[in-house]
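Please open the model in your viewer and keep the selection panel at hand. The stops below are meant to be visited in order.

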Amino acid sequence: MKIKSAEFVISNTDYRKSPTEDMPEYAFIGRSNVGKSSLINMLTGNKKLAKTSSKPGKTQLINHFLINEDWFLVDLPGYGFAKAPKSSRVKWENFIVEYMMNRKQLVHTFVLIDSRHAPQKIDLEFMNWCGEKQISFSIIFTKMDKLSSNELQKNMAKYRKEMLKYWEEMPPVFITSSSSQIGKEKVLKYIEHVNEQMRK
Ligand code: GTP
Ligand code: MG
């Protein structure tokens with residue numbers, strides 16, 4: 001799919017104040033610093049669209065970007081970074097939970113995972129929670145430029161093993177690098193496919 005236009009529309013902490021258009025939207029979520037905002041920039045070919053930082057905790061709000069005047073990409077704050085008390089069962093912000101559970105236009109969520117790390121409890125818990133709430137998601141392994149293909153395969157196999165303890169099958173899996181544009185076509189193609197399904 002060709003990206004003809006990508007524009008920032010609105011930021012907020014209340015999904016009820018998000019755009020009212022009945023257009024499909026795709027959210028990007030995952031630990032702070034995993035590369036959500038960078039991936040949105042890579043997909044849209046605009047390095048300045050979403051704000052990125054080498055320090056975790058950059059994105060603090062729900063950010064809507066209108067793509068091709070037809071659908072939205074949504075950049076969300078990361079989870080697993082300070083703030084939320086450790087004792088709380090739900091470690092992600094309440095407004096993110098509200099958004100994910102109630103936003104009618106949300107058709108698919110990409111859960112980003114840093115391909116360098118072993119399976120993390122918080123990510124597994126998040127995906128299990130999506131399953132419980134019947135939120136459609138897929139996995140994107142990010143920053144693949146930072147490790148060898150051998151290491152990448154090993155880490156992905158560990159994830160698969162862990163996931164299959166809870167799931168009958170794996171969700172769709174993508175591998176990306178925002179610095180070398182790897183994975184761009186596959187992710188955009190997937191979105192195009194879901195958009196088509198929605199409009200049938
Ligand atoms: P928060 O908004 O804080 O939750 O972080 P985020 O998930 O949006 O991460 P962000 O896109 O801001 O990127 C965090 C850091 O990782 C930045 O320094 C990026 O340049 C770097 N980064 C993101 N994606 C990649 C990638 O694919 N490869 C490499 N090498 N670095 C990346
Ligand atoms: Mg961000």
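Begin by selecting Ser37, which counts as buried because its relative accessibility is 7%, under the 20% cut-off for that class. Bear in mind throughout that this is a predicted model.

With Ser37 still displayed, add the magnesium ion (ligand 2) to the selection: which residues coordinate the magnesium ion, and through which atoms? The ion is coordinated by Ser37 through OG and by Thr59 through OG1, at 2.0 to 2.2 Å. If you then colour by secondary structure, you will find Ser37 in helix 1 (residues 36–44), whereas Thr59 sits in the loop between helix 1 and strand 3 (62–67), so that this pair, 22 residues apart, links distant parts of the chain. Thr59, with a relative accessibility of 14%, likewise counts as buried.

Next, move to the loop between strand 2 (25–30) and helix 1, and select Asn33 there. Its backbone deserves a look, for Asn33 has a positive phi of about 80° although it is not a glycine. Is Asn33 buried, partly exposed or exposed? At 33% relative accessibility, Asn33 counts as partly exposed.

For the last stop, go to the loop between strand 3 and strand 4 (71–75), where Asn68 is found. Asn68, which is not a glycine either, has a positive phi of about 50°. When you turn on the surface around this residue, note that Asn68 counts as buried, because its relative accessibility is 17% and the class takes in values under 20%.

Key. Residues numbered from 1 in each chain as written. Chains lettered and ligands numbered in written order. Predicted model: local features only at pLDDT ≥ 70, side-chain atom pairs only at ≥ 80, totals over all residues. Heavy atoms only, no water. Donors = N, O, S within 2.8 Å, 3.2 Å for Na, K, Ca; no water. Helix = DSSP H or I, 4+ residues; strand = E, 2+ residues; numbered from the N terminus. Buried < 20%, exposed > 50% of the residue type's maximum accessible area, 1.4 Å probe, protein only.
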